[in-house]
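Biologist: Can you walk me through this model? I'd like to start with the strands and then move around.

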Amino acid sequence: MKHNSPKTTYLKDYTPPPFLVDKVDLEIELGEEWSTVKAHLCFRCNPDFEGENSTLVLDGQNMELQKIRLDNLGMNRNQYSVDESHLTIMNVPKKFKLETEVRIQPQNNTELEGLYKSG
């Protein structure tokens with residue numbers, strides 16, 4: 001079993017995020033084999049962020065992306081990318097609504113972060 005030590009983040013290293021989240025709605029359907037998480041998120045550009053903020057990067061591991069919509073429109077694979085730990089969406093507007101649906105297996109999550117099965 002692999003144990004990763006938590007990484008220390010110092011206040012001096014903090015930078016404001018490029019986006020702020022104004023609203024989060026989650027719908028979680030728990031199953032024995034797979035669980036489904038539907039997220040509805042409302043984002044806006046952070047005025048305190050220095051730099052260009054047209055790319056949204058979300059962290060997540062051990063998830064299978066099933067659906068993605070930006071401002072109620074389905075997205076093509078050339079508008080976003082998914083790897084083992086990130087969802088990256090290019091050319092997002094200054095204010096937008098993101099809807100995602102992912103499949104996960106909480107019973108296999110041994111990191112004890114996010115959704116996991118206990119006891």
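Modeller: We'll take the sheets, then the aromatic rings, two loop residues and the pocket. Keep in mind that this is a predicted model.

Biologist: Fine. What is the strand order in the five-strand sheet?

Modeller: The order is S1-S2-S8-S4-S5. The sheet is open, and the pairing is antiparallel.

Biologist: Which strands stand at the edges there?

Modeller: S1 and S5 do. Each has a single partner strand, so one side of each is left without a neighbour in the sheet.

Biologist: How many bridges join S2 to S8?

Modeller: Ten, and the two strands run antiparallel. If you want a register point, Ala39 has Thr100 in S8 as its bridge partner.

Biologist: And how many bridges for S4 and S8?

Modeller: Seven, again in the antiparallel sense. Met63 is bridged to Ile104 in S8. Leu70 stands opposite Leu98, also in S8.

Biologist: Is S8 largely enclosed or left open?

Modeller: Largely enclosed by the rest of the structure, because seven of its ten residues are buried.

Biologist: Now the other sheet. What order do its three strands have?

Modeller: S3-S7-S6, an open sheet with antiparallel pairing. S3 and S6 (80–82) are the edge strands, and each pairs on one side only. Neighbouring strands are turned by 10° against each other on average, with direction ignored.

Biologist: How many bridges between S6 and S7?

Modeller: Three, antiparallel. Within that part, Val82 stands opposite Leu87 in S7.

Biologist: Switching topic. How many aromatic pairs does the structure hold?

Modeller: Three. One of them is Phe19 with Phe96, which is edge-to-face. The centres are 5.8 Å apart, with 80° between the planes.

Biologist: Which strands do Phe19 and Phe96 lie in?

Modeller: Phe19 lies in S1 and Phe96 in S8, so the pair ties together parts that are 77 residues apart in sequence.

Biologist: Are those two rings' residues buried or exposed?

Modeller: Buried. Phe19 has a relative accessible area of 8%. For Phe96 the value is 4%.

Biologist: What geometry do Phe43 and Phe96 have?

Modeller: They are stacked, at 5.1 Å centre to centre and 20° between the planes. This pair also links distant parts of the chain: Phe43 is in S2, Phe96 is in S8, and they are 53 residues apart. Phe43 is buried too, with a relative accessible area of 4%.

Biologist: Which residues end up in the ring cluster?

Modeller: Phe19, Phe43 and Phe96, linked by ring pairs.

Biologist: On to backbone oddities. What is phi at Asn62?

Modeller: Near 55°, a positive value in a residue other than glycine. For context, most residues other than glycine have a negative phi.

Biologist: Where is Asn62 found? And is Asn62 buried or exposed?

Modeller: Asn62 is in the loop between S3 and S4. It counts as exposed because its relative accessible area is 63%, and the cut-off for exposed is over 50%.

Biologist: What about phi at Asn72?

Modeller: Near 70°, so to speak another positive phi outside glycine.

Biologist: Where is Asn72 found?

Modeller: In the loop between S4 and S5 (73–74). Asn72 is partly exposed, with a relative accessible area of 45%.

Biologist: Last topic, the pocket. What volume does the largest pocket have?

Modeller: About 1,400 Å³. The residues that line it number 37, and the closest to its centre are Asp59, Gly60, Gln61, Met63 and Gly114.

Biologist: Which strands each supply at least two residues of the lining?

Modeller: S1 (19–29), S2 (35–45), S3 (56–59), S4 (63–70), S7 (86–89) and S8 (95–104).

Biologist: How do the lining residues divide by type?

Modeller: Into 17 nonpolar, twelve polar and eight charged.

Biologist: Good. Give me S8 in brief before I go.

Modeller: S8 is antiparallel to S2 and pairs in the antiparallel sense with S4. Phe96 of S8 pairs with Phe19 and with Phe43. S8 also supplies at least two residues of the pocket lining.

Technical notes: Residues numbered from 1 in each chain as written. Predicted model: local features only at pLDDT ≥ 70, side-chain atom pairs only at ≥ 80, totals over all residues. Heavy atoms only, no water. 1 Å grid on protein atoms, 1.4 Å probe; cavity = no way out; pocket = protein on both sides within 12 Å on 5 of 7 lines; lining within 4 Å. Points joined across faces, edges and corners; volume = space filled by probe spheres on them. Helix = DSSP H or I, 4+ residues; strand = E, 2+ residues; numbered from the N terminus. Nonpolar A, V, L, I, M, F, W, Y, C, P; charged D, E, K, R; others polar. Buried < 20%, exposed > 50% of the residue type's maximum accessible area, 1.4 Å probe, protein only. Pairing = 2+ DSSP bridges. Axes fitted to C-alpha atoms, helices over the stretch in contact; angles between N-to-C directions. Phe/Tyr/Trp six-rings, centres within 6.5 Å; stacked < 30°, edge-to-face > 60°.
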